[in-house]
Amino acid sequence: MKESCLLIEKALLFIIILRIFSGSIELTAAMFMLKFNDLEKAFYINTLLALVGPVILIVTTGIALTGLTEKISLPRMICLFGGIILILISLKSK
């Protein structure tokens, strides 16, 4: 029982580490916004955060799909990446 709890896939571990890193960046940015207490600086910080989110999304999804290559068919992978691309396009549209 203990062995199964300690065993973790490398892909899952990388995803967890990236998400913790991403959350740390978000919290650090919020602290800087609070420290600077300036709307313009907060806007710039928030703009930088808008770059981090999609990058983390793409990297974690890529890692997950790489880990699941044996379990997910190629058409399904294409659909998943297509969905991610559509999400990114919708973020840029007005």
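Begin the tour by selecting Ile16, which is partly exposed, with a relative accessible area of 34%; keep in mind as you look that the model on your screen is a predicted one. Ile16 belongs to helix H2, which covers residues 10–36. Now add Ile8, Leu12, Leu13, Phe14, Ile17 and Ile20 to the selection, and you will have, together with Ile16, a nonpolar surface patch of about 620 Å².

Staying on helix H2, move to Arg19, which is also found in that helix. Is Arg19 buried, partly exposed or exposed? Its relative accessibility is 41%, and because values between 20% and 50% fall in the middle class, Arg19 counts as partly exposed. If you then select Ile87 as well and draw a line between the two C-alpha atoms, you will find Arg19 and Ile87 19 Å apart in space, with 68 residues of separation in sequence.

Next, display H2 together with helix H3, which runs over residues 39–67, and look at how the two pack: their axes lie 10 Å apart, at an angle of about 175°. Because angles over 145 degrees count as roughly antiparallel, H2 is described as roughly antiparallel to H3. Colouring the residues of this contact by class would show 18 nonpolar, 4 polar and 3 charged residues.

From there, select Asn37, which sits in the loop between H2 and H3. The backbone deserves a look here, since Asn37 has a positive phi of about 50° although it is not a glycine. With a relative accessible area of 69%, Asn37 is exposed.

Follow the chain into helix H3 and stop at Phe43, which has its place in that helix. The relative accessible area of Phe43 is 55%, and this residue is therefore exposed, given that the class takes values over 50%. Select Met33 alongside Phe43, and the C-alpha to C-alpha distance comes to 8.7 Å, for two residues that are 10 apart in sequence.

Finish at Lys92, in helix H4, which spans residues 74–92. How accessible is Lys92? The relative accessibility is 77%, so Lys92 counts as exposed. As a last step, select Thr60 too, which is 32 residues from Lys92 along the chain, and the C-alpha atoms of the pair will be seen to be separated by 21 Å.

Methods. Residues numbered from 1 in each chain as written. Predicted model: local features only at pLDDT ≥ 70, side-chain atom pairs only at ≥ 80, totals over all residues. Heavy atoms only, no water. Patch = residues over 30% accessible without salt bridge, like charges linked within 9 Å, V, L, I, M, F, W, Y side chains within 5 Å. Areas by Shrake-Rupley, 256 points an atom, 1.4 Å probe, with all protein chains shown as cover. Salt bridge = Lys/Arg side-chain N within 4 Å of Asp/Glu carboxyl O. Helix = DSSP H or I, 4+ residues; strand = E, 2+ residues; numbered from the N terminus. Buried < 20%, exposed > 50% of the residue type's maximum accessible area, 1.4 Å probe, protein only. Axes fitted to C-alpha atoms, helices over the stretch in contact; angles between N-to-C directions. Parallel < 35°, antiparallel > 145°, perpendicular 65-115°, else oblique. Nonpolar A, V, L, I, M, F, W, Y, C, P; charged D, E, K, R; others polar.
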